Amino acid sequence: MEIQPEKTTIVLFSGDLDKAIAAFIIANGAAAYDHEVTIFHTFWGLNLLRKDEHVPVEKNGLEKMFGKMMPRGPEKFGLSRMNFAGIGPKMIKHVMGKHQVLSLPQLIEMAQEQGVNLIACTMTMDLLGLKKEELIDGLDYAGVAAYLAEASDANVNLFI
Amino acid sequence: MEIQPEKTTIVLFSGDLDKAIAAFIIANGAAAYDHEVTIFHTFWGLNLLRKDEHVPVEKNGLEKMFGKMMPRGPEKFGLSRMNFAGIGPKMIKHVMGKHQVLSLPQLIEMAQEQGVNLIACTMTMDLLGLKKEELIDGLDYAGVAAYLAEASDANVNLFI
Amino acid sequence: MEIQPEKTTIVLFSGDLDKAIAAFIIANGAAAYDHEVTIFHTFWGLNLLRKDEHVPVEKNGLEKMFGKMMPRGPEKFGLSRMNFAGIGPKMIKHVMGKHQVLSLPQLIEMAQEQGVNLIACTMTMDLLGLKKEELIDGLDYAGVAAYLAEASDANVNLFI
């Protein structure tokens, strides 16, 4: 009889740097313990998966505006508190580097290397007008049903 | 031997439009997969269950003030970010309609039709001075013990 | 065969008064039902465990600044909404007292009396420069691995 691996799922709803760091530290920790880990990126959390450069794709006026107003990838994320117009994130990144904690882009890369399943919520992509070409490689594209299928037999399910 | 249905519980603490939409999309998805779903509305999340009209009930001064300052139902909720004094919610509602995503009031109605158990946290009602007459029909009234009883044998438990 | 107690874990990431109250009400409720409860205090949630007086310890410049800007313990926490420069928390504390709901410091004390395991996230301590001497007594000190070990066989896992 084969032993099923433990599963961990995270809904990453937040667009905050600090919450995204927490999510990816937990995800990488769980993956290191051989959990099958899924992060479902929805709403503001989907912006974490955007490439940091402008990608020319067809958009309507509102989609263009959303695209400009929302952060392109982890480097553009701000803190949920003590953000101080971007000084807070600089300070946090400084102390993380000093204490040899991986940066958020490194945490995302490590998660992908460890086989963490990063899902881009297709409903959010539709609503905000984000296209596959604008997102990083190696993602799955799915809706809430796929998330629930994973969460139903996971031990640890978090909404962040 | 009867098979127990899977259970999903959500603590809806947040008073944000976007988080409430996420909560009810997950709840309706789980209910569609025959999960027994419970949403425990506490703190700011209780305001989602308020009727949108003024209901004349006896209140002390502080309770009257809370009642006026807090949103009456889903139509009055704002976004957790990009709210822009109410323009953000209008844009989100617009794109949700365009993409045939149910609005928050429709999601709540559908949840009730699917038998999702909506609990109003009685401690929060006491603290904020909200009376049963001010809340929508078809709710359960209970405290944290009732929530924990459901969560203890649920597969998916989220705090939103 | 001995019956394993049910387990509940909470990641307390938030530095908001209202979310911390919710976390400790759930934790105390679960402990009252004989769950083994763990609260993992990380990021802003670590500030809840600070003593309310200044403790003279060696810090570098950035650590001193973090120490001054972040709240020292539960009495200094603000609300996630309707904070109004500290008037909101006063109102909430007033109505909690009136309705015989325990205050946050009392909820923390009760959690410790009930054997709730309060973990201070050591990575956060390093990043923010918080020392053991600055935190209340009776804590465990651990990282994400210890949290995941508890969460893996817990029934209820929440991120607050």
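This is a short talk on helix packing and buried residues in a predicted model with chains A, B and C.

First, the conventions. The model is predicted, so local features need pLDDT of at least 70 and side-chain atom pairs count only at pLDDT 80 or more, while totals for chains, interfaces and linings use all residues. Residues are numbered from 1 along each chain as its sequence is written, chains are lettered from A and ligands numbered from 1 in the order in which they are written, and side-chain values use heavy atoms, with hydrogens and water left out.

Helices and strands are DSSP runs numbered from the N terminus: H or I with at least four residues for helices, E with at least two for strands. Contact means heavy atoms within 4.5 Å. Buried is under 20% relative accessible area, exposed is over 50%, and partly exposed is in between, with a 1.4 Å probe and protein chains only.

I will take the helix pairs between chains now. Two packed helices are described by the angle between their axes and the distance between the axes. The axes here are lines fitted to C-alpha atoms, for helices over the stretch in contact, and the angles run from 0 to 180 degrees between N-to-C directions.

Take helix α6 of chain A, residues 144–152, and helix α1 of chain B, residues 17–32. Their axes come within 10 Å and cross at roughly 70 degrees. α6(A) and α1(B) are therefore roughly perpendicular; in the scheme used, under 35 degrees is roughly parallel, over 145 roughly antiparallel, 65 to 115 roughly perpendicular, and the rest oblique. α6(A) passes α1(B) in a right-handed crossing, where right-handed means that the near helix is turned clockwise from the far one by less than a right angle, and left-handed means anticlockwise. On the α6(A) side the contact is made by Val144(A), Tyr147(A) and Leu148(A), and on the α1(B) side by Ile25(B), Ile26(B), Gly29(B) and Ala30(B). Those residues divide into six nonpolar, one polar and no charged. For that count, Ala, Val, Leu, Ile, Met, Phe, Trp, Tyr, Cys and Pro are nonpolar, Asp, Glu, Lys and Arg are charged, and the others, Gly among them, are polar.

Next, α2 of chain A, residues 61–69, against α3(B). The axes come within 12 Å and cross at roughly 130 degrees, which makes α2(A) oblique to α3(B). This crossing is left-handed. Leu62(A), Met65(A) and Phe66(A) meet Met91(B), His94(B) and Val95(B), and the contact has five nonpolar residues, one polar and no charged.

Then α3 of chain A, residues 87–98, and α2 of chain C, residues 61–69. They pack at about 130 degrees, with axes 12 Å apart, and are therefore oblique to each other. The crossing of α3(A) and α2(C) is left-handed. Met91(A), His94(A) and Val95(A) contribute from α3(A), and Leu62(C), Met65(C) and Phe66(C) from α2(C).

Now the buried faces of single helices. In α2 of chain B, which residues are buried? They are Glu63(B), Phe66(B) and Gly67(B). Seen down the axis of α2(B), they fall within an arc of 100 degrees, so they line one face of the helix; the arc is that of the directions from the helix axis to the C-beta atoms. On the other side of α2(B), Gly61(B), Lys64(B) and Lys68(B) are exposed. The buried residues pack against α5 (122–128) of chain B together with α3 (87–98) of chain C.

In α6 of chain B, Tyr147(B), Leu148(B), Ala151(B) and Ser152(B) are buried. Their arc is 125 degrees, so they line one face of α6(B). Among the elements covering them are β1 (7–12) of chain B and α1 (17–32) of chain C.

α4 of chain C, residues 104–113, buries Leu104(C), Leu107(C), Ile108(C) and Ala111(C). What covers them includes α1 and β3 (117–121) of chain C. After α4(C) comes Gly115(C), with a positive phi near 85 degrees.

Two single residues to finish. Glu63(A), in helix α2 of chain A, is buried, with a relative accessible area of 11%. Leaving aside neighbours within four places in sequence, its contacts are Glu58(A), Asp126(A), Leu128(A), Gly129(A) and Lys131(A).

Val101(B) lies in the loop between α3 and α4 of chain B and is buried, at 16%. With the same neighbours left aside, Val101(B) is in contact with Met123(A), Leu127(A) and Met96(B).
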